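Visitor: I would like to learn how to read a structure like this one, feature by feature. Could you walk me through it?

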Amino acid sequence: MLRSKQYMPVMQKKFFSIIVFFFVTFFLISIAEASNKDSGYLIKYRILSKSKEVGGITHRIIPRESGYIIAEASEIKTSGWWGKININSSFVETYDLRGKLLSSKNNILDGKKVYNFTTYLDNDYYQVSYRKLEKITSSELRVMGKLNNLITSDVAFDADSMINFSNSIFSGRTEKSEGGKFYVKEFDTTLTYLPMFLQETFNNNRQLKIRVYDSEELEITYQTVVDLGWEDVYLNGKTYRTRHFRLTEDQEERKKYATHIWIANFSINTGDLNISPRTTKKTFPYIIRLTAQDEDGPIEIIIR
């Protein structure tokens, strides 16, 4: 499997490992519905590092007859002993109605460099590629800006335009990409589908070992998930009834760093659900809080 982490500075890897995990676990969120069915559902989050706000996330899910489009935009600005971080990122992913990943396009702008990650389904295999692009043109930056504006906008728009913008960015670049492929059955779920996967799979289980595909890192991780039960979480003047989970990577150097997530609208013993675009928003599980820790300190992401 192609591993992109080796190309990114240590502190940036920390933010992306945690934040991308949080981004993509919003697969079935339904909080604020826009006026057009293609606009889907919009939700916003705050990113905190050591209790200091360092950025934000805008997440959108667009139900369609054939499945879902999931799009996200984020901004991170912070500084420390490692230097300054000023990163803007966006991704657009497509899924079928069963939560199967069909395609993923990720672009991360870090100063004057862009990290470009692509995954797409090709029969029984996923084709993946990674490129590091430098000397970004003003026109490419404008297209990235248009994509981010579509993702974060509160008004209705054509979802196909968002996909076209995503596919067009850097399509004319000639830089060589690194790539590979892997069999579709090499993982159990993606980070994007994780909340629903937990709802479908856990039932009365208290612990589960799963293989999770991360489309931004282009790798599969082995996770141990522990169900810690029901908890009431108070945020922004509201109390949420949530299911609390702890996730730990099986990789030896990561075992001591656990990630905790609190999922609202979570149901137990629901069976194998087939969520359709017409499903009411009360059915959707969504994360309201995430906490994580590593050698650089704590990270927290919470609903606005």
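**Reading the model together**

Guide: Gladly! Let us start inside one strand: T242 lies in β13, which covers residues 238-249. Keep in mind that this is a predicted model.

Visitor: Is T242 buried or exposed?

Guide: The cut-off to remember is that a residue under 20% relative accessible area counts as buried. T242 has a relative accessible area of 0%, so T242 is buried.

Visitor: Which residues is T242 in contact with, leaving aside neighbours within four places in sequence?

Guide: They are G229, W230, E231, V233, W262, I263, A264 and I288.

Visitor: Which way do side chains point along a strand in general?

Guide: In a regular strand they alternate between the two faces of the sheet. Here is another residue to look at: F245 also has its place in strand β13. F245 counts as buried because its relative accessibility is 0%. With sequence neighbours within four places left aside, the contacts of F245 include L198, F202, V226, I261 and F266.

Visitor: How far apart are F245 and V226, in sequence and in space?

Guide: They are 19 residues apart in sequence, and their C-alpha atoms are 5.6 Å apart.

Visitor: How do I read burial for a whole helix?

Guide: Go through it residue by residue. Helix α4, residues 194-201, is mostly covered, with seven of its eight residues buried. Among the buried ones in α4 are L194, F197 and L198.

Visitor: How many residues of strand β5 are buried?

Guide: Ten of the 14 residues in β5 (residues 83-96) are buried, so to speak of it as mostly covered is fair.

Visitor: And how do I follow the pairing of strands?

Guide: Look for the bridges on each side. Strand β4 (residues 67-80) runs antiparallel to β5, with 14 bridges joining them. β5 is also joined to β6 (residues 101-110) by nine bridges, and these two run antiparallel as well. Take Y95 as a guide: Y95 in β5 is the bridge partner of Y68, and Y95 stands opposite L101 in β6.

Visitor: What lies between β5 and β6?

Guide: Four residues, as the two strands form a hairpin. In the turn, G99 has a positive phi of about 85°.

Visitor: How many aromatic pairs are there?

Guide: Ring pairs are judged by the distance between centres, then by the angle between planes. The count comes to eight aromatic pairs. In one of them, F117 and Y130, the ring centres are 5.2 Å apart and the planes are at 45°, so the pair is tilted. F117 lies in strand β7 (residues 113-122) and Y130 in strand β8 (residues 125-134), so this pair ties together parts 13 residues apart in sequence. F117 is buried, at 0% relative accessible area, and Y130 counts as buried at 3%.

Visitor: Which residues do ring pairs link into a cluster?

Guide: Y126, F182, F187 and Y213.

Visitor: Which charged ends sit over rings?

Guide: The charged end of K181 sits over the ring of Y125, 4.7 Å from its centre. The charged end of R289 sits over the ring of W262, also at 4.7 Å from the ring centre. You met W262 earlier, among the contacts of T242.

Visitor: Now, what does the whole chain look like?

Guide: The chain has four helices and 16 strands. Of its 304 residues, 56% count as buried. For contacts between residues at least 6 apart in sequence, 57% join residues at least 24 apart. The accessible surface comes to about 13700 Å², and 47% of that belongs to carbon and sulfur atoms.

Methods:
Residues are numbered from 1 along each chain as its sequence is written. This is a predicted model: local features need pLDDT of at least 70, side-chain atom pairs count only at pLDDT 80 or more; totals for chains, interfaces and linings use all residues. Side-chain values use heavy atoms; hydrogens and water are left out. Buried means under 20% relative accessible area, exposed over 50%, partly exposed in between (1.4 Å probe, protein chains only). Contact means heavy atoms within 4.5 Å. Two strands pair if DSSP finds at least two bridges between them. Accessible areas come from the Shrake-Rupley method with a 1.4 Å probe; for residues, only the protein chains shown count as cover. Rings of Phe, Tyr and Trp (its six-membered ring) pair if their centres lie within 6.5 Å; planes under 30 degrees apart count as stacked, over 60 as edge-to-face and the rest as tilted. A charge sits over a ring if NZ of Lys or CZ of Arg is within 6 Å of the ring centre and within 35 degrees of the ring normal.
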